[in-house]
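Good morning, and thank you for coming. I would like to take you through one structure, beginning with the whole chain and then turning to two places within it.

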Amino acid sequence: AARIIQNMDPRADPCKDFYQYACGGWLNRHVIPETSSRYSIFDILRDELEIILKGVLETSDQGDREAFQKAKILYKSCMNESLIEQRDSSPLLEALAMAGDWPVASADWNKTKEASWSMEEKLSIMNSRFNKRVLIDMFVWNDDRDSSRHIIYIDQPSLGMPSRDYYFNGGNYQRVREAYLQFMITIAKMIREDKNMSKDDSFVQEEMAKVMELETEIAN
């Protein structure tokens, strides 16, 4: 109750400016941070919760339940920046190998990988190991017809960019689209370099253009 009263402006006449009456105190005491497009009580609560979680995750894990131990291990691994720098791109290269490698970052993928490559297998690995839905989204949820049971749902996944507008519209959408393609090209070049492969800019650009074309067809 005190927080609600604090966020009000009782000096304002609610019959003339109800918004100022209800929110004037909040507007006077808060400024939207430069890093945010909005700022509300929920953002403050989130920040406060993150501080509490940080304290919990940094306590000793002796006697903790397995779920808490896993959370603390994950937190420590993310905070260990020296080890992250030391490992460099090796975790990404391992993930790519598990997903069937990447033709644009492979010298002879068509000869060595394609014959044994299975889309069904790779889609399931991307979903189960990396929580990444590609081409098909599949999940278990309550049955709309019978809430006492769960069923498998199959749906379309999200696109590489936020919405299909980014693939077709001009203006800012086109600029984002061009930056998105350039980002893919840059990442492919970096991975080729980390795998000690020869530099082949034209090949990388052609392959990433095909990726962009496929995503555009899916968006359509």
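Eleven is the count to keep in mind for helices: the chain has 11 helices and 2 strands. Please bear in mind throughout that this is a predicted model. Reading from the N terminus, the order of the elements is α-α-α-α-α-α-α-α-β-β-α-α-α.

Let us consider the overall dimensions. Along the principal axes, the C-alpha atoms occupy a box of roughly 75 × 55 × 50 Å. The radius of gyration of the chain is 25 Å, whereas a compact globule of 220 residues would have a value near 17 Å. Of these 220 residues, 20% count as buried. The chain exposes about 17,000 Å², and carbon and sulfur atoms supply 55% of that area. As for contacts with a separation of 6 or more, 31% are between residues 24 or more positions apart.

I now turn to the first of the two places, helix α3, which comprises residues 41–57. Does the length of this helix agree with expectation, or disagree? At 1.5 Å a residue, its 17 residues should span 24 Å, and the end C-alpha atoms are 24 Å apart, so the two values agree.

Which residues of α3 are buried? They are Asp-43, Ile-44 and Leu-57. These residues cover an arc of only 160 degrees around the axis, and therefore lie on the same side of α3. As a general point, an α-helix has 3.6 residues a turn, so residues three or four places apart point the same way. The buried residues of α3 pack against two other helices, α2 (18–29) and α4 (66–79). On the face turned away from the buried side, α3 carries the exposed residues Phe-42 and Ile-52.

The second place is Arg-192, located in helix α10, residues 172–194. Is this arginine buried or exposed? Its relative accessibility is 6%; since buried means under 20%, Arg-192 counts as buried.

What surrounds Arg-192, once neighbours within four places in sequence are left aside? Its contacts are Val-104, Ala-105, Met-197, Ser-198, Asp-200, Phe-203 and Val-204. With Ser-198 there is a further detail: a polar atom of the Arg-192 side chain lies 2.8 Å from the backbone oxygen of Ser-198. Finally, Ile-125 is 67 residues from Arg-192 along the chain, and the C-alpha atoms of the two are separated by 23 Å.

Definitions and conventions
Residues are numbered from 1 along each chain as its sequence is written. This is a predicted model: local features need pLDDT of at least 70, side-chain atom pairs count only at pLDDT 80 or more; totals for chains, interfaces and linings use all residues. Side-chain values use heavy atoms; hydrogens and water are left out. Helices (H or I, at least four residues) and strands (E, at least two) are DSSP runs, numbered from the N terminus. The expected span of a helix is 1.5 Å times one less than its number of residues. Buried means under 20% relative accessible area, exposed over 50%, partly exposed in between (1.4 Å probe, protein chains only). The arc is that of the directions from the helix axis to the C-beta atoms. Contact means heavy atoms within 4.5 Å. A polar contact is a pair of N or O atoms within 3.5 Å; within protein, one must be able to donate a hydrogen and the other to accept it, and residues adjacent in sequence count only if both atoms are side-chain atoms. The radius of gyration is taken over C-alpha atoms; the globule rule is 2.2 Å times the number of residues to the power 0.38. Accessible areas come from the Shrake-Rupley method with a 1.4 Å probe; for residues, only the protein chains shown count as cover.
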